[in-house]
Amino acid sequence: MATVTLDRPGTSPAPALRQDPRRGRKLAARIALYVAMIIAAAAIMLPFFWMVTSSLKTNNQVFSVPIQWLPDPVVWRNYLDIWAKADMLTWVKNTLILSVSVTFLQVLTGSFAAYGFSKLRFPGRDVLFLTYVATIAVPWQAYMIPQFIMLSKVGLSNTLWSILALQTFSAFGVFLMKQYYESIPEELSEAARIDGLSEYSIWRKIVLPLSGPAVATLTLLTFVNTWNDYLGPLIYLRDRDIWTIQIGLKSFVSQYNAEYALIMTGSVISVLPIALIFMLGQRYFVQGIATAGLKG
Amino acid sequence: MATTAVDAPAAPAPPPRRNRSRLTLRNTFIGWTFILPNFIGFAVLTLVPVVTLFYLAFTSWNAFGQANWIGLENFARLLTDGTFHTALINTGYYAVLHIPLTLAVSLGLALLLNHKMRGIAFFRTVAFFPYITSIVAIAVVWNMLFSPDSGPINQFLMALGIDNPPGWTTSATWSMPAVVLTSVWREMGYYMLLFLAGLQAIPRELYEAARVDGAHAIQRFWNVTVPSLRPTTFFVTVILTIQSFKVLDLILVMTDGGPGTSTLVLAQYIYRKGFEENDFGYASAVAVVLFFICLGLTVVQFLLNKRKEV
């Protein structure tokens with residue numbers, strides 16, 4: 001259960017080359033399958049297609065009857081105008097600062113704790129881990145109020161620090177890393193111990209370098225999660241100059257609610273970095289979900 | 001690394017007793033140092049608030065005054081609070097629509113995409129993409145797609161011959177289905193992946209055996225796939241249930257609970273009472289209800305699952 005990779009090699013034998021009387025029917029089934037997949041994929045992507053094409057239209061064209069599928073003329077101006085009409089740059093900068101630092105801290109403290117939970121044996125360890133497990137079923141929406149009061153009392157609300165605190169110490173990171181560490185053979189750390197390496201060195205020199213895929217998975221998931229967070233910033237970030245892209249986009253939508261094309265432009269800009277990261281690391285997303293499907 | 005182990009002593013002699021307890025102490029200390037950096041944050045920001053919640057629920061507190069202990073008053077107030085009842089019913093309504101629909105769609109997608117063929121990774125990627133897109137962007141786009149007069153969805157429906165398409169997010173009847181449709185579209189890729197992992201864990205021999213017995217595709221689905229997927233289905237249902245009961249951000253951006261209170265859900269009522277009206281005590285009481293609903297549903301599902309396994 002440690003690492004579930006979809007379609008691992010060896011689960012199915014290579015197709016035999018013998019003559020198959022049902023070959024024609026199989027080919028037809030295969031084509032039907034492709035057609036079904038293409039239709040499904042097109043249906044799923046349609047909202048994104050609409051978003052991108054609308055961002056290149058004029059306002060009137062967005063809701064024209066009948067639907068105008070492709071922008072004509074292509075209005076690239078929207079992508080220039082939006083920077084002047086909204087504080088996009090500030091929002092992107094804030095979101096980037098938060099996403100990068102939350103991701104760094106979560107991977108660091110999460111993998112560190114995971115080492116303690118999976119490679120060290122000491123009394124109280126399992127009870128401690130159980131407290132992490134116990135909070136899975138507790139929705140954040142249930143304790144966001146006491147949390148807000150606490151963070152306000154120490155003066156962190158309305159600062160970027162609040163989001164940092166909120167997002168960094170999730171049980172999720174600990175889980176994911178622990179799952180992976182348990183697949184690393186005990187003999188490795190045992191041998192290092194005999195060689196006189198301290199536990200900290202074993203974590204840094206042996207276990208961490210071996211956990212590249214898990215680190216990549218956690219990095220991507222945490223980054224995307226922080227980038228996309230809406231509720232945290234909505235509750236904590238009051239001043240415009242510390243807004244994140246999600247809050248900014250939402251306020252832009254309310255402020256310019258008739259500028260449909262521009263709103264879509266803003267949406268595209270807010271999704272673009274995630275789409276890029278997703279393309280680079282989609283393998284790890286799949287792995288992360290399959291390994292620890294308990295995010296949220 | 002491999003060579004270093006060679007000249008290590010074969011088996012160290014068992015240490016005397018006193019040394020062992022010193023060793024335990026040392027190990028405990030080292031263990032804690034590993035866990036503490038994360039655990040302190042986790043305890044302060046999650047465990048403490050969860051515990052505090054149960055205190056706050058018994059107090060009356062606005063942002064400025066002091067928290068006053070008022071016993072069960074908040075809970076008594078819940079009994080007669082019509083808006084709370086609406087939120088409770090709406091949340092149930094959302095769950096009842098959302099859970100089976102997501103299960104069916106994501107399982108269907110997983111079955112469709114559980115083939116070894118060229119380009120399959122691309123199709124899985126496409127199906128998963130909506131899940132990592134931000135709620136705000138999704139809500140904004142779908143709100144426009146659902147637009148009553150000349151939105152693409154209603155234009156499509158009219159082209160199909162439906163003269164009076166629903167107003168979707170502007171209609172009290174259709175706003176909840178519209179929100180559910182959007183959330184199913186967003187989340188199906190995630191659950192699809194979980195189902196896919198489950199499907200690929202089913203031994204192929206089971207299908208071969210069923211085929212030999214003459215079972216056709218539908219029979220193979222009901223007699224092999226469905227029973228073998230039970231642990232996955234259970235897991236997915238549990239997550240899906242909790243997710244449904246805590247739904248908030250999508251609704252906040254798409255409909256803000258409206259029109260009227262037609263999409264007001266529990267989590268949003270907590271948000272409103274707490275952050276908009278500064279009625280922290282009462283909001284906490286609502287949160288306690290949400291807490292126990294989620295806890296209760298999880299426990300019930302685990303019990304049901306256990307009974308079926310016996």
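## A tour of chain A

Start with a surface view of chain A: the exposed area comes to about 13800 Å², and carbon and sulfur atoms supply 66% of that area. Keep in mind as you look around that this is a predicted model.

Next, colour chain A by burial. Of its 296 residues, 52% count as buried.

Now switch to a cartoon view. Which elements do you see, helices or strands? Chain A has 14 helices and zero strands, so to read the chain from the N terminus on is to meet one α after another.

Zoom out to take in the whole chain. Along the principal axes, the C-alpha atoms fill a box of roughly 75 × 75 × 35 Å. The radius of gyration of chain A is 24 Å, whereas a compact globule of 296 residues would have one near 19 Å. Try showing contacts too: among those in chain A with a separation of 6 or more, 73% join residues 24 or more positions apart.

For the last stop, select residues 88–119 of chain A, which form helix α4, and residues 212–228 of chain A, which form helix α11. How far apart are their axes? The distance is 9 Å, and the two helices pack at an angle of about 145°. Turn the view and you can follow α4(A) as it passes α11(A) in a right-handed crossing.

Show the side chains here. On α4(A), the residues making the contact include A:Val92, A:Leu96, A:Ser99 and A:Gln106. On α11(A), look for A:Val215, A:Leu218, A:Phe223 and A:Trp227, among others. Colour the contact by class and you will find ten nonpolar, seven polar and no charged residues.

Notes
Residues are numbered from 1 along each chain as its sequence is written. Chains are lettered from A and ligands numbered from 1 in the order in which they are written. This is a predicted model: local features need pLDDT of at least 70, side-chain atom pairs count only at pLDDT 80 or more; totals for chains, interfaces and linings use all residues. Side-chain values use heavy atoms; hydrogens and water are left out. Axes are lines fitted to C-alpha atoms, for helices over the stretch in contact, and angles run from 0 to 180 degrees between N-to-C directions. Helices (H or I, at least four residues) and strands (E, at least two) are DSSP runs, numbered from the N terminus. A crossing is left-handed if the near helix is turned anticlockwise from the far one by less than a right angle, and right-handed if clockwise. Contact means heavy atoms within 4.5 Å. Ala, Val, Leu, Ile, Met, Phe, Trp, Tyr, Cys and Pro count as nonpolar, Asp, Glu, Lys and Arg as charged, and the others, Gly among them, as polar. The radius of gyration is taken over C-alpha atoms; the globule rule is 2.2 Å times the number of residues to the power 0.38. Buried means under 20% relative accessible area, exposed over 50%, partly exposed in between (1.4 Å probe, protein chains only). Accessible areas come from the Shrake-Rupley method with a 1.4 Å probe; for residues, only the protein chains shown count as cover.
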